[in-house]
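This report covers strand pairing, nonpolar cores and backbone angles. The structure comes first, and the text follows from it.

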Amino acid sequence: MLAKAFVIAMAADFARSDYAKPTLIRSRSREWLIACRWGPDGEYLSIATAGPITEPLALVAPQAIAPIHSLVGVLVSESETQATSTFLLVRQLPAAIELAGTFFPADGYVLLQNQGDVHLVCKTRYSHSCGWLDGKEIRKDIPDPAPYSAEAMSWHIEATRRDWIGEFIPGSRPPERLAIRATG
């Protein structure tokens, strides 16, 4: 069963495509994500990009990753028997929610699965205008973007949890770490 609250790092494969033709993949990349689930019933999920993956296997997330762009989802269903939770992504940030990183308004869904480890599948598309408010970047939803707008695209994301020093899952033990010996 998935925890109702956590902060984890994930290694993600991104496929980017056109807003109007989400099946037409234009580019691919590997990036770090930070996934955070919270709320009284675990009803919120944020997924933040946290920088490119530079090592081929990416078994452990870098210590210093931090949220850059954040998608937010609201819980729509859960299955204890299948150990899955499904979230709908939102185009307007729910009231009283503050995020690390810049909020990305988006349409789509996130499927979280826990079958031995946490796995995430996200299909989304977004369109926004960029601006600044009180020294912080903001992005506002555009419901009908112009064709081939640079701020309108689709993302296909598949990600798997990786060990990370910043991980938090209530009630779980931190993973065993190898001791580092000082020589001198």
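In which sense do β1 and strand β10 (residues 152-162) pair, and over how many bridges? The sense is antiparallel, and β1 and β10 are joined by 10 bridges. The model is predicted: local features need pLDDT of at least 70, side-chain atom pairs count only at pLDDT 80 or more, and totals for chains, interfaces and linings use all residues. Residues are numbered from 1 along each chain as its sequence is written, and side-chain values use heavy atoms, with hydrogens and water left out.

**Strand β1 and its partners**

Strands are DSSP runs (E, at least two residues) numbered from the N terminus, and two of them pair if DSSP finds at least two bridges between them. Strand β1 (residues 6-18) has 11 of its 13 residues buried, so it is largely enclosed by the rest of the structure. Here buried means under 20% relative accessible area and exposed over 50%, with partly exposed in between (1.4 Å probe, protein chains only). Within the pairing of β1 and β10, alanine 11 stands opposite threonine 160. β1 also pairs in the antiparallel sense with strand β2 (residues 25-38), over 12 bridges. These two strands form a hairpin with six residues between them, and arginine 16 has serine 27 of β2 as its bridge partner.

**Nonpolar cores**

A nonpolar core is a set of buried Ala, Val, Leu, Ile, Met, Phe, Trp, Tyr and Cys residues joined through side-chain atoms within 4.5 Å. The largest one has 24 residues, of which Met10, Leu33, Val110, Leu112, Leu120 and Ile157 touch the most other members. Elements giving two or more residues to this core include β3 (44-52), β7 (107-114) and β8 (118-133). The largest share, five residues, comes from β1. Another core, of 10 residues, lies apart from it, and has Ala9, Trp32, Ile65 and Trp164 among its members.

Taking contact as heavy atoms within 4.5 Å, and leaving aside neighbours within four places in sequence, leucine 33 is in contact with residues including Ile8, Met10, Phe14, Ile47 and Ile157.

**Positive phi at two alanines**

Most residues other than glycine have a negative phi. Two alanines with positive values are listed below.

| Residue | Phi | Loop | Relative accessible area |
|---|---|---|---|
| Alanine 83 | near 50° | between β4 (69-79) and β5 | 8%, buried |
| Alanine 96 | about 70° | between β5 and β6 (102-103) | 84%, exposed |

Methods
Helix = DSSP H or I, 4+ residues; strand = E, 2+ residues; numbered from the N terminus.
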